[in-house]
Amino acid sequence: MGKSFEKGASFKVANLVEFKNITKRFPGVVALNNASATLREGEVHVLVGENGAGKSTLMKILSGAYTPDAGGLVVGGRAIEKNSPALAAELGISMIYQELNLIPELSVMQNLFLGHEKQKLFFTDNRGMYGEAKKYLEMLNLNIDPKTQVKNIGAGTQQMVEIAKALSKDSRILVLDEPTSSLADSEIKELFRIIKLLRDRGVGMFYISHRLEELYEIGDRVTVMRDGSVIGTYGINEIGMDKMIEQIAGRAIRSLFPHARKEARETVLEVKNCHGDRFRDVSLKVRSGEIVGLSGLIGSGRTELARAIFGIDPYYCGEILLNGKKVPAKNPQKSVARGIGLLPEDRKVQGLSLLKGIRENMVVTSLDRLGRRGFTNMAREKNLCAGYVRSLSIATPSIEKLAGFLSGGTQQKVVIAKWLIADLKLFIFDEPTRGIDVGAKSEIYRLMDGLVGKGAAILMISSDLPEILGMSDRIYVMAEGRIRGELDRGEATQTKILQYAYRQESTGGVYE
Ligand SMILES: Nc1ncnc2c1ncn2[C@@H]1O[C@H](COP(=O)(O)OP(=O)(O)OP(=O)(O)O)[C@@H](O)[C@H]1O
Ligand SMILES: [Mg+2]
C-alpha cells in the first residue's frame, strides 16, 4: 500500500490517477465528452451526477472494461496505452460495484483469493489463506469464519467481504460505485470507518453515490458530471448542498417534496393480523388519496410484507383485502388485474426485461388499456412513453434502446414509468428513489403526489428518512417483523421513527 499521506500537507500531492480529456461513444450516445479528473493519494473523490451522466463509464475505463475513443489515462505517473482488466488489477485498481460479485456457492475465503490463490510448492496453501482471510476480516470487525459460504451471509456483510477482497489484493486505487444502496445504517457507518482507515493508509478512492448527505461525511473532493461532461471539481467544503443540486440537475430545485394532498377517503388496502415468513401479526390500512410510509431498518420485514400483499410470497392466517375483497394469495398476475402494482426493491432482477426496449418494458402491464390486444395504437403508445422519457429525463437516444444498455438509475426510472402508466388503485413502492438522481427524484415525488390526487393509494417503503417524512401522510414503523408504531404526518420526526425502529438495547452507539 502507498505511503501514508497527510491531508493538507504542503508538499506536492501525488496523483494516483489522471483522466485526460476522455471521450467515449456508444451507439447514439456520447457517454463521456472530453472528461478530465484526477485522484490523489489518500483522498475520497466523490462523483455525482444525473443517471446516465457517465460516472460508471468513466470508472469502467479505469478498470479496463471499456476502451476510450479519445483521451489518455495515467496511473501512478505511467501513461497507460492499452488498459485491460488484467493490467488494471496489476496496477492495484479494484472495483466494488453496486451489484455484488461474489460467488454464493464458495466460501468467504475462496472468494477472497479467487484468481490469486496462495501456492505453497505445488499445492494451494489453504492454511495460509485461512490465516490471511481471518486477518482481513478482523481488520473490518467482521466476526465470521472464513469458511462460511457466501450465500449464508447478508448483503451488508457481502459488501464488506468485497472490501476485504480489495484489501487482500493490496489495492492502491479503489472504486466504490453506489456501495451504500443496499446497506443498513449501521453497516454504512462501518463502511465509512473502513473507508477512512484506507484513506489514512494512502489509498485513493472514487466514490459514487446519489445520497448527497453522505458525501459531506466521507468526501474530500467532489466532481459533478452532466451529459458525459465534467461540470466542475470542488473541495467538499467549497460547495453547499443547494449549489451541488443545482449543478447536478442543471436547474435549481426549490421544494423537493410537494404536498398538495386531498383528504384520505375510503380504505383501499387492509391488512388484518397477517403473518408471513419474516413478519408477524401485521395490521395496517392504506386509504385512497394518501401516501403511507413504511419505515424501519433493512431486514425489518418491510419488503417481505410488500411481497405478500402483492402475492409473490405466501402469508398465513389473517386477511389481505383490496377494496374489501380478499386479494388472491400467491398470484401476482391477478393482483395486477385487480389493481395492485409493486415496484420491487431489486429492479434489475425483478422489474425489467433487459433484452427488450424501453417502450416494450414501459407498456408491458398496460397492454389491455392501450388496446394492444385488439389493434395497436402505436402512435399513442409511443407518445405516452416519450412523455415519461421527457418528464423523468431518461437518458437515452431513443425509446427503443434495449434496457440492458441503460445506466443503473435509468433502468429504475423505466420500471417506475411502467407502474405509473398502469392505471392502478394501489401502488406499493419499495425504495422508489434508490439510485435515482436528485432531479428525477423531485419529478417522481410530483408524480406520486399526482397519483394520490387522482384517488390512488400508495404504500411506500423507504430507508430514506427525509423521503419518508417529506412524502407520507401517515407512517408505520416496522422492527423485527412487527409494526412497532404509527405516526401521523404532523407528529412524525426522525427521532420518533428511529425510536420505534431500534429496539431499546441496540439504540446506544448506532446513532450518537
Ligand atoms: N454498453 C453500453 N452500450 C450502450 N450504451 C451504454 C453502455 N454503457 C453505458 N451506456 C450509456 O452511456 C451513458 C452513461 O452511462 P453510465 O452508466 O456511465 O451512467 P451513470 O452516470 O453511471 O448513471 P447512474 O447514476 O444511473 O448509474 C448512458 O446514456 C448509458 O445508456
Ligand atoms: Mg452508474
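Two residues are in contact when heavy atoms of theirs lie within 4.5 Å. The exercises below use this term for a predicted model.

**Exercise 1. Describe the surroundings of Arg302 and state whether Arg302 is buried or exposed.**

*Solution.* Begin with the location: Arg302 is found in helix H9. Next, apply the cut-off, under which a residue is buried below 20% relative accessible area. Arg302 has a relative accessibility of 4% and therefore counts as buried. Finally, list the contacts, not counting residues up to four places away in sequence: Arg302 touches Leu294, Ser295, Gly296, Leu297, Glu431, Ile461, Ser462, Ser463 and Met478.

**Exercise 2. Determine which residues Thr303 is in contact with, leaving aside its neighbours within four places in sequence.**

*Solution.* Thr303 also has its place in helix H9, which comprises residues 302-310. With a relative accessible area of 15%, Thr303 is buried. Its contacts, with those neighbours left aside, are Glu345, Asp430 and Ile461. A further step concerns distance along the chain: Thr303 and Glu431 are 128 residues apart in sequence, while their C-alpha atoms are separated by 9.4 Å.

**Exercise 3. Check the span of helix H6 and explain why its buried residues are on the same side.**

*Solution.* Helix H6 has 16 residues, 185-200, and at 1.5 Å a residue they should span 22 Å. The end C-alpha atoms of H6 are 23 Å apart, which agrees. The buried residues of H6 are Ile188, Leu191, Phe192, Ile194, Ile195, Leu198 and Arg199. They cover an arc of only 165° around the axis, and so they are on the same side of H6. The general reason is that an α-helix has 3.6 residues a turn, so residues three or four places apart point the same way. The packing partners of these buried residues are strand S3 (44-49), helix H4 (126-139), helix H5 (155-168), strand S9 (173-177), strand S10 (204-208) and helix H7 (212-218). Just after H6, Gly202 takes a positive phi of about 95°.

**Exercise 4. State how many residues surround ligand 1, and give the distances from its oxygen atoms to Gly54, Lys55 and Ser407.**

*Solution.* Ligand 1 is surrounded by 22 residues, the closest being Gly52, Lys55, Thr57, Ser407 and Gly409. For Gly54, a backbone N or O atom lies 2.9 Å from an oxygen atom of the ligand. For Lys55, an N or O atom in the side chain is 2.8 Å from an oxygen atom of ligand 1. For Ser407, a polar side-chain atom lies 2.7 Å from an oxygen atom of ligand 1.

Terms used: Residues numbered from 1 in each chain as written. Chains lettered and ligands numbered in written order. Predicted model: local features only at pLDDT ≥ 70, side-chain atom pairs only at ≥ 80, totals over all residues. Heavy atoms only, no water. Helix = DSSP H or I, 4+ residues; strand = E, 2+ residues; numbered from the N terminus. Expected span 1.5 Å × (residues − 1). Buried < 20%, exposed > 50% of the residue type's maximum accessible area, 1.4 Å probe, protein only. Arc of directions from axis to C-beta. Near = heavy atom within 4 Å. Polar contact = N/O pair within 3.5 Å; in protein donor to acceptor, adjacent residues only side chain to side chain.
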